[in-house]
Amino acid sequence: MKHEFAYEEAQRHLKQRNRFAALSAVLGLTSLLAVGAAATREESVILVPVTTERLTLGSGGTDAHYLELVTRDTALMLLNRAPESLDYWMEQVLKVADPSAHGSLKAELVKIVDEQRGSDISQAFVISRMEVDPQALTATVTGTLKTFVGAQVIASQQRSFEFSWNRRGLSLGLTGFRQLPTETEEENP
């Protein structure tokens, strides 16, 4: 009797072991296929920009149109500011900053905040054209920069700004921006 019971128990354990071995083999094969597919496939992310078109960013390089859209949004965010929203403004600009440039960008932004805080000076920027270089990851934005004191426009000038970017994986990070000199400023330093 004990012998029959032990035999049945051994058969039950053997069947259970075989089921676990088969399950392990299936899971191992699935994992191997998933790793192989992930390693050989080009990585891409589907972006949801504020346009009606569909964009994707692949691991092969940065698309000029995507660089233009990112620069456009960043330029408008960076160059349109009012004293009431300076803290939020700086926080949003730093969110698009590349980690390697975070400190230097924050130092530049703090200077702007210190100059503008407590004043009635606001500025607005209207883009008229943009040139992008996806190889160098730079973009030049040209437009009209208007300066206001209260509701009155005190200056309206054609200005150009250069934005520099760095690519980390599938995202772009702002590494710097600067106002380019006008033709008259270049002639009369």
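These legends describe close-up views of a predicted model.

**View 1. Helix H4, end to end.** Helix H4 covers residues 102-116. At 1.5 Å a residue, its 15 residues should span 21 Å. The end C-alpha atoms of H4 are 21 Å apart, which agrees with that expectation. After the helix comes Gly118. The phi of Gly118 is positive, near 85°.

**View 2. The two faces of helix H4.** Five residues of H4 are buried: Leu105, Leu109, Ile112, Val113 and Gln116. They cover an arc of only 100° around the axis, so they sit on the same side of H4. An α-helix has 3.6 residues a turn, so residues three or four places apart point the same way. The face of H4 turned away from the buried side carries exposed residues. These are Gly103, Lys111, Asp114 and Glu115.

**View 3. What the buried side of H4 packs against.** The buried residues of H4 meet two helices, H2 (64-79) and H3 (86-95). They also pack against two strands, S3 (121-133) and S6 (171-180).

**View 4. The largest nonpolar core.** This core holds 28 residues. Trp89, Leu109, Phe163 and Trp165 touch the most other members. Helices H2, H3 and H4 each supply at least two residues of the core. So do strands S3, S4 (138-149), S5 (152-168) and S6. H2 gives the most, with six residues.

**View 5. The surroundings of Trp89.** Trp89 is one of the core residues that touch the most other members. Neighbours within four places in sequence are left aside here. Trp89 is then in contact with Met77, Leu78, Asn80 and Arg81. Trp89 also contacts Leu109, Ile112 and Val113. Those three are among the buried residues of H4.

**View 6. Gln123, a buried residue in a strand.** Gln123 is placed in strand S3. Its relative accessible area is 14%, so Gln123 counts as buried, the cut-off being under 20%. A polar atom of the Gln123 side chain lies 3.1 Å from the backbone oxygen of Leu79. Beyond its neighbours within four places in sequence, Gln123 is in contact with Leu79, Asn80 and Arg81. Leu145, Lys146, Thr147 and Phe148 are also in contact with Gln123.

**View 7. The annotated span, residues 20-39.** An unreviewed UniProt entry annotates residues 20-39 as "transmembrane region". In the model, this span is 100% helix and 0% strand. Its end C-alpha atoms lie 28 Å apart.

Definitions and conventions
Residues are numbered from 1 along each chain as its sequence is written. This is a predicted model: local features need pLDDT of at least 70, side-chain atom pairs count only at pLDDT 80 or more; totals for chains, interfaces and linings use all residues. Side-chain values use heavy atoms; hydrogens and water are left out. Helices (H or I, at least four residues) and strands (E, at least two) are DSSP runs, numbered from the N terminus. The expected span of a helix is 1.5 Å times one less than its number of residues. Buried means under 20% relative accessible area, exposed over 50%, partly exposed in between (1.4 Å probe, protein chains only). The arc is that of the directions from the helix axis to the C-beta atoms. Contact means heavy atoms within 4.5 Å. UniProt positions are given in the numbering used here, feature names are shortened, and annotations may be inferred rather than shown by experiment. A nonpolar core is a set of buried Ala, Val, Leu, Ile, Met, Phe, Trp, Tyr and Cys residues joined through side-chain atoms within 4.5 Å. A polar contact is a pair of N or O atoms within 3.5 Å; within protein, one must be able to donate a hydrogen and the other to accept it, and residues adjacent in sequence count only if both atoms are side-chain atoms.
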